[in-house]
Amino acid sequence: MKLLRETYLVLRKDLVLQVRRRDSLLTMFFFGTLLLFVFHFSFDLVPDRVSELAPGLLWLAFLFTGTLGLAQLFGAERENQCLDALLLSPLDRGALFLAKACLNFTLMLLVELVITPLFWILFNLQTWNLVPQVFFIALLGTVGFCVLGTVMSALTLRARARELLLPLVLFPLMIPVILATIQCLAAVFRAGEIGDALPWLRLLIGFDVIFLTLGVLVFDWVMEV
Amino acid sequence: MRLTVQKLSKAYGFFWALKDLNLELPPGELVALLGPNGAGKTTLLRLIAGLTPPSLGTIELDSLPPSRANGSARAQIGLFTPAAHLYEDLTVRENLEFFTSLYGQNPGAGNIDAALATVDLSARADGLVSTLSSGMKCRLSIAKWNLLKPGLLLLDEPYGVLDGSGVDLLEEFLKAHCRKGNLVILASHHVSRVLKICSRAIILHRGRMTFNAPRQQPWPDFDKAFQEFLPHGDS
């Protein structure tokens, strides 16, 4: 209960700061939209190439916008040495991890809610019935991205070129999530259901559960590095 | 709260910021931590606060190590740095509510209002911290630690941005805090000012403790150490 109460306290504070600043959300939203337009002008998504290209394009848009959010994840704590204030307090480091992961998940979710229908409109896709399944798989991928991304964002917090370093250390470790999400999305675009991509879905869920648990357990050590 | 430090050392690369520091401070003391720039004052405060791990040695609070995993032990340590540790885009009241909740306290609006009234910030309670001056932020920090009531309060150069009444406020708060049996360690370059309120003085010089004694009047040993290690101080 203490862990959840502290997670709620930090998350509420971060959401209030996001509402007042709006910089992370607006940047992510405009960058995501911009990426979709770039993809729209670069690729001709004819119906027989949809299952081949759409999963990668959509997930890339989510990944890049999410990376922008991760770079700003501890922005409020970097000002006025507020990270020291949090580390000095009796706050459970696991609660700090959960709050930051939830914050990034919330921001990505809001962006995905806009980007996903925009993707269908821009590429003139007729398969609107697939949107809920695509959105569900994207959410599972987003959870994996957020939990591992939060750990990596904290690890690079004190690095000088952290904005450059973060994607370099994050993306190689994200390969299982990237592969599993794209394979699941491809199956949905191809057959309208997960079907033969079920093992990939299991991998994705397993990754989410393992790294969520690991994040809570190791974040104390991560903050000391 | 009793602080015991044994053979404490901190190295940054090949540079020893602190070396072989031994210290035993009983509850209720107001300790002046003095020394020129680079003497190791801030390093010592951060080590005691648990924000920096020591290279060697141990720190104990009431005979227990202030373990990182031990949240209740961490709640007993406060670090006062002027105009820091406050969220700029939260209001004055929201900052106090957030930190008191984080420390497991539920002071209620009345206590927060009273704490703000003490530091003359009632009129700015619903204003963003970013709109406060540095001195006002320092006053807000006084209100914050007044509400959190740590058993060990560490202060790093608290006088810098405070005006005359702010300094009086801070000193009254520190004296009252010590009277309740809490330990206060105050690092400052304002030697004459801290000597008036302290019960003990410690002088650090190049990472080593060169003087540590309870306050006396007159204080020939301190004067001698002061001339030797703080020749440019304002005493």
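# Exercises on a predicted model

**Exercise 1.** Which residues touch the most other members of the largest nonpolar core?

*Solution.* The largest nonpolar core has 135 residues. Those touching the most other members are A:C184 and A:L185 of chain A, with B:V31, B:L33, B:L154, B:V184 and B:L186 of chain B. Next, look at which element supplies the largest share: helix α6 (residues 93–122) of chain A, with 13 residues. Finally, place the core relative to the domains of chain B. Domain 1 (1–76 + 151–163 + 182–228) and domain 2 (83–149) both contribute residues, so the core lies between them. The model used here, and in the exercises below, is predicted.

**Exercise 2.** State what elements chain A contains, and check its radius of gyration against that of a compact globule.

*Solution.* Begin with the count: chain A has 10 helices and 0 strands. Read from the N terminus, the elements therefore run α-α-α-α-α-α-α-α-α-α. Next comes the radius of gyration. A compact globule of 225 residues would have a value near 17 Å, and chain A has 18 Å, which agrees. Along the principal axes, the C-alpha atoms of chain A fill a box of roughly 55 × 35 × 30 Å. Then take burial: 44% of the 225 residues of chain A count as buried. Last, consider the contacts in chain A with a separation of 6 or more: 80% of them join residues 24 or more positions apart.

**Exercise 3.** In what order do the strands of the open sheet in chain B lie, and which are the edge strands?

*Solution.* The sheet has 6 strands in the order β5-β6-β7-β3-β8-β9, and the pairing is mixed. The edge strands are β5 (77–80) and β9 (208–214) of chain B, since each pairs on one side only. Neighbouring strands are turned by 15° against each other on average, direction ignored. One helix can now be added to the picture. Helix α1 (residues 41–49) of chain B lies across β3, β5, β6, β7 and β8 of chain B, and runs at about 150° to β6(B).

**Exercise 4.** In which sense do strands β3 and β7 of chain B pair, and which residues does B:V184 touch?

*Solution.* In general, strands of a sheet pair through backbone hydrogen bonds, either parallel or antiparallel. Here β3 (residues 30–34) and β7 (residues 183–187) of chain B pair in the parallel sense over 4 bridges. Within β7(B), B:V184 is the bridge partner of B:L30. Leaving out residues up to four places away in sequence, B:V184 touches B:L30, B:V31, B:L153, B:L174, B:H177 and B:C178. B:V184 was also listed in Exercise 1, among the residues that touch the most other core members.

Definitions and conventions. Residues are numbered from 1 along each chain as its sequence is written. Chains are lettered from A and ligands numbered from 1 in the order in which they are written. This is a predicted model: local features need pLDDT of at least 70, side-chain atom pairs count only at pLDDT 80 or more; totals for chains, interfaces and linings use all residues. Helices (H or I, at least four residues) and strands (E, at least two) are DSSP runs, numbered from the N terminus. The radius of gyration is taken over C-alpha atoms; the globule rule is 2.2 Å times the number of residues to the power 0.38. A residue is buried if 20 or more other C-beta atoms lie within 10 Å of its own, exposed if 12 or fewer, and partly exposed in between; C-beta atoms are placed from the backbone. Two residues are in contact if their C-beta atoms, placed from the backbone, lie within 7 Å. A nonpolar core is a set of buried Ala, Val, Leu, Ile, Met, Phe, Trp, Tyr and Cys residues joined through C-beta atoms within 7 Å. Domain bounds come from an automatic or database domain assignment. Two strands pair if DSSP finds at least two bridges between them. Axes are lines fitted to C-alpha atoms, for helices over the stretch in contact, and angles run from 0 to 180 degrees between N-to-C directions.
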